[in-house]
Structures are given as structure tokens and as C-alpha cells.
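Here are my notes on the model you asked me to look over. I have kept them as numbered points so you can reply to each in turn.

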Amino acid sequence: MLEQIDHRGKRFTIDDAIVDEIGDEHSRRASALEQQAQREARELERARAVAGPAGATPEVEVLE
């Protein structure tokens, strides 16, 4: 049981099963967001590789 106090100062408890369920849902969301961030980072790296060094600032001339 998790004991909490509401905005009025009244105490209440939350069943452990609900606490576990909420924790599981947060873990699933965090995992999904982490996977999405990794995909986006890979896509950004691919885009940078395709664009080359002048892709980020096209007004700059690349000298070799």
C-alpha cells in the first residue's frame, strides 16, 4: 500500500497492484520513447552523412 495525502490534506492509500500497474505503464512508455529517440538519432546521422559537411550551412563553401 502506498499512502498519499491529497490537496485537502486528507490521507488515502493506493493498492500495490495499482502502483505496480502504473510503474509498468511508465516503463513501457519510457522504453517506447527511448526507442523512438534512437531511431531519430540514426535518421539524423544518415541525413548528415548524405548532406555532407556543407549540408548544415549551405552558405559556407567547402574548400579542399
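1. Which element of the chain has the lowest mean pLDDT, and which the highest? Strand β1 has the lowest, with a mean of 81, and helix α1 has the highest, with a mean of 88. Please keep in mind as you read on that this is a predicted model. Over the whole chain the average pLDDT is 82, and 81% of the residues score at least 70.

2. On the overall layout: the secondary structure consists of one helix and two strands. Following the sequence, you meet them in the order β-β-α.

3. On burial and surface: the chain has 64 residues, of which 2% count as buried. The exposed area comes to about 5,900 Å², and carbon and sulfur atoms contribute 53% of that area.

4. Now the hairpin. Strands β1 and β2 run antiparallel and are joined by four bridges. Two of the pairings are easy to look up in your viewer: Gln-4 has Phe-12 of β2 as its bridge partner, and Glu-3 has Thr-13 of β2. Five residues lie between the two strands of the hairpin. In that turn, Gly-9 has a positive phi of about 90°.

5. Asp-6 deserves its own point. The residue sits in the loop between β1 (2-5) and β2 (11-14). Is Asp-6 buried or exposed? Asp-6 counts as buried because its relative accessibility is 18%, and the cut-off for buried is under 20%. The side chain of Asp-6 makes a polar contact with the side chain of Arg-8 at 2.7 Å. This pair also forms a salt bridge, with the closest N and O atoms 2.7 Å apart. Arg-8, by contrast, is exposed, with a relative accessible area of 62%. If you inspect one side-chain pair in the loop, I would suggest this one.

6. Next, the helix. Helix α1 covers residues 16-51, which is 36 residues. From its first C-alpha to its last it reaches 52 Å, close to the 52 Å expected at 1.5 Å a residue. Just after α1 comes Gly-52, with a positive phi of about 80°.

7. How many salt bridges does a search of the whole structure find? The search finds five. Besides the pair in the loop, one of them links Arg-29 with Glu-25, where the closest N and O atoms are 3.3 Å apart. Arg-29 and Glu-25 are separated by about one helical turn because they are four residues apart in helix α1. Glu-25 is partly exposed, at a relative accessible area of 29%.

8. Further along the sequence, Glu-45 forms a salt bridge with Arg-48, again with a closest N and O separation of 3.3 Å. Why are Glu-45 and Arg-48 separated by about one helical turn? They are three residues apart in helix α1, and that spacing gives about one helical turn between them. Glu-45 counts as partly exposed, at 48% relative accessibility. As for shared partners, salt bridges join Glu-25, Arg-28 and Arg-29 into one network.

9. My last point concerns where the start of the chain lies relative to the helix. Leu-2 belongs to strand β1 and is partly exposed, with a relative accessible area of 35%. Leu-2 and Asp-16 are 14 residues apart in sequence, and their C-alpha atoms are 6.7 Å apart in space. A second pair to check is Ala-17 and Met-1: they are 16 residues apart along the chain, with 8.6 Å between their C-alpha atoms. Ala-17 is found in helix α1 and counts as partly exposed, at 46% relative accessibility.

Note on methods:
Residues numbered from 1 in each chain as written. Heavy atoms only, no water. Expected span 1.5 Å × (residues − 1). Buried < 20%, exposed > 50% of the residue type's maximum accessible area, 1.4 Å probe, protein only. Polar contact = N/O pair within 3.5 Å; in protein donor to acceptor, adjacent residues only side chain to side chain. Areas by Shrake-Rupley, 256 points an atom, 1.4 Å probe, with all protein chains shown as cover. Pairing = 2+ DSSP bridges. Salt bridge = Lys/Arg side-chain N within 4 Å of Asp/Glu carboxyl O. pLDDT = per-residue confidence, 0-100.
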